[in-house]
Amino acid sequence: MSGKKRTRSRSVDPRASTPQAAPTPVVVIDSAEQDHLPAVTDALSARSKWICALAPVVLAILVSLNTLWNGWVADDDTQIVKNVALQKLNNIPHSFTSSVWSYATSDILFTVDTYYRPFFMTLFTINYAIVGLAPWGWHLINLLIHAAATLLVFITIKELTHRPEMAAITGALFALHPAHAESVAWVSGITDPLMALFLLPAFWCYLRWRNGGRKYLIAGLIFFYFLALFGKETALALPLVIAWCELFHFKDLAPLKVRLMRAVWLPALLALPTAAYFGMRYFALRGVLLGSGQRYPFEWALKTVPLAIIKYIKLMLLPWGHSYQHYTEFVGSIADKEFLLPLAVIAALIAAIAVTRSRLLAWGAVWFIAMLAPALGAMRQFDPEYLVQDRYLYLPSIGFCLALALLIDWLTKRYGLKAGAAVGAALLIVYGAADVRQNRMWNDGIILFENCVAADPDSAEAHVSLARAYFESGRVREGEEQARKGLELAPGSASPYLVLSYFARASGKLDKSIEYLERGTSTVEGTPITRFKLATMYLNLGLLQAQTRNTAEAEPNMLRSLEIWPRATGWFYTGQFYFDQGRYEEALAMFESALGTVPRRFAPIHLRLGWTYDKLGQRASARAEYEKYLDLAPNASDATEVTRRLSQLEL
């Protein structure tokens with residue numbers, strides 16, 4: 001960059017509270033780019049501008065075509081294939097009053113894992129109406145959504161920079177980046193691209209208004225922001241970006257006092273749709289605002305944030321290493337190198353951005369962090385193997401892609417068009433090839449988890465996940481080998497014991513299954529990080545002991561599980577244990593505890609309560625619970641039997 005002094009364009013803000021006449025506002029461009037802007041912009045014909053807009057879209061389609069041959073992977077089987085609720089369009093309204101998993105299964109292990117994504121389930125219901133259960137059709141819809149999001153990236157960056165060629169480069173890099181494979185090649189990973197269809201128009205409305213547009217664009221900002229929240233809660237980061245823009249990005253267009261006022265009242269306009277969204281979310285999730293709850297200590301998650309940010313930057317920068325799992329240990333102390341080194345790197349990056357004095361680069365960094373912030377803030381509810389996820393980079397990557405576009409632009413001006421074009425072409429080719437390869441990793445579950453092992457061969461969790469995939473596909477011996485490899489890598493981890501116990505139980509070897517769990521409970525040390533899987537081991541051990549009629553040892557293990565981790569799953573199964581033992585008062589207490597935390601549409605809890613009230617002679621309560629069960633599950637296999645018993649109670 002040239003070191004000579006340049007003057008900056010200034011204009012009077014048309015919305016500033018001054019009596020001065022307002023000329024047409026001028027968008028402030030970085031001093032490093034200002035001299036170059038007019039010639040490039042004027043040189044672009046209308047046809048060239050259309051090419052700039054459509055080229056990234058074409059690239060997005062081309063690199064994603066091989067996803068059409070992918071099948072169902074991971075959550076797809078439960079959320080789509082086995083989800084009968086998707087088969088009726090009149091179930092769409094229920095998407096706004098229930099969690100995602102309340103539709104997917106009657107298994108309490110899934111239904112308590114609550115996510116509020118109304119547009120996600122609405123999209124799936126519409127998909128089913130259009131293409132049924134043909135995987136290629138679902139993948140085609142994902143591809144088209146990604147292409148539409150890529151076009152919106154171009155439109156938004158063009159409005160931000162007023163440079164079509166800059167927007168085209170940013171859009172092309174966004175279209176091809178391999179970090180997006182998880183969001184595009186995996187049907188159930190579509191939440192972030194779906195949200196982008198509404199969040200980017202919301203931010204465009206703000207920019208358009210900021211660049212001299214009409215006031216109705218503010219209504220567009222509010223409207224699209226509200227819709228984006230129904231796609232994914234990450235949209236909550238938009239007010240932060242707008243506040244930054246008002247305070248720093250457009251700082252030459254108004255005095256500080258006016259900027260401060262706008263940095264408050266513009267985000268405040270989004271408070272009403274935010275409150276409405278959270279009210280609906282609160283109702284749907286029965287008070288659970290963030291997934292299945294905050295599981296790990298806040299201070300541990302906070303100390304892990306710098307490490308996670310560096311991992312995300314690495315995934316954006318390098319064209320390899322992308323995976324469904326990126327095992328990340330929680331950082332226990334601020335004295336650990338896992339905290340200090342990432343923090344130092346982040347500080348150096350901030351200093352480097354400040355030295356460039358590039359407002360666009362600063363905006364890209366702020367967008368990257370702001371859009372990533374919800375995922376970083378939610379880390380304490382995720383297991384270590386899922387703390388860092390490729391799909392969380394979908395929207396944040398726009399800021400990174402803009403930074404690369406700025407680099408290409410700088411190289412072009414400093415070393416000539418050939419240098420900039422060579423670097424740009426190399427990035428597009430490398431990222432595009434990596435994206436095509438990564439799309440193939442989502443072809444089926446075995447390939448997916450084999451890639452997890454290849455990306456991180458020292459991760460015990462990756463080997464355990466691959467073991468499950470092998471076992472479920474009938475490759476039992478290979479599954480056991482992978483599980484033992486996981487045990488070898490992490491003998492103090494609960495996961496290998498859990499999966500080996502599962503394999504033994506599925507093979508009818510109950511004694512062997514119990515043996516694995518007994519070894520696990522005596523080996524795994526109880527810590528804030530291990531306690532959840534440790535509690536699961538105790539619960540499974542108790543259930544198996546009850547199955548083998550060793551009730552004397554079963555009850556203490558179940559109660560130990562609840563002591564470590566009080567939760568709906570534990571109360572539900574312990575209640576069933578007490579019911580089977582004829583201890584109905586104790587069963588009722590457990591079922592009532594579970595009732596307060598499971599989703600409203602979870603039918604089995606009402607059936608269990610009906611049975612228990614029936615045994616206790618509380619006929620009115622039993623009738624009420626049976627009626628709720630039949631209302632929620634009218635087509636259940638035992639609906640006829642429950643109806644018969646209900647008619648007897650009404651006599």
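Visitor: How much area does the protein chain expose, and what share do carbon and sulfur atoms supply?
Guide: In this predicted model, the protein chain exposes about 28,100 Å², and carbon and sulfur atoms supply 62% of it; accessible areas come from the Shrake-Rupley method with a 1.4 Å probe, and for residues only the protein chains shown count as cover. Local features need pLDDT of at least 70 and side-chain atom pairs count only at pLDDT 80 or more, while totals for chains, interfaces and linings use all residues. Residues are numbered from 1 along each chain as its sequence is written, and side-chain values use heavy atoms, with hydrogens and water left out.

Visitor: And how many helices and strands?
Guide: The protein chain has 32 helices and 0 strands, where helices (H or I, at least four residues) and strands (E, at least two) are DSSP runs numbered from the N terminus.

Visitor: Is A370 buried or exposed?
Guide: A370, in helix α18 (residues 359-377), is buried because its relative accessible area is 8%; buried means under 20%, exposed over 50%, and partly exposed in between (1.4 Å probe, protein chains only).

Visitor: What does A370 touch, then?
Guide: Leaving out residues up to four places away in sequence, A370 touches A237 and V241, a contact being heavy atoms within 4.5 Å. A370 and V241 are 129 residues apart in sequence, yet their C-alpha atoms are 6.8 Å apart in space.

Visitor: Which helices does α13 pack against?
Guide: The buried residues of α13 pack against α8 (135-161), α11 (191-210), α12 (216-231), α14 (256-269) and α18; among those buried residues of α13 (residues 238-249) are V241, E246 and H249.

Visitor: Switching topic, how many salt bridges are there?
Guide: The count comes to 22 salt bridges, each defined as a side-chain nitrogen of Lys or Arg within 4 Å of a carboxyl oxygen of Asp or Glu. One of them joins the side chains of R281 and E233 (3.6 Å, N to O). R281 lies in helix α15 (residues 271-285) and E233 in the loop between α12 and α13, so this pair ties together parts that are 48 residues apart in sequence.

Visitor: What about E246, which partner does that one have?
Guide: E246 forms a salt bridge with R262, with the closest N and O atoms 3.7 Å apart. Because R262 lies in helix α14 and E246 in helix α13, the pair ties together parts that are 16 residues apart in sequence, and both R262 and E246 are buried.
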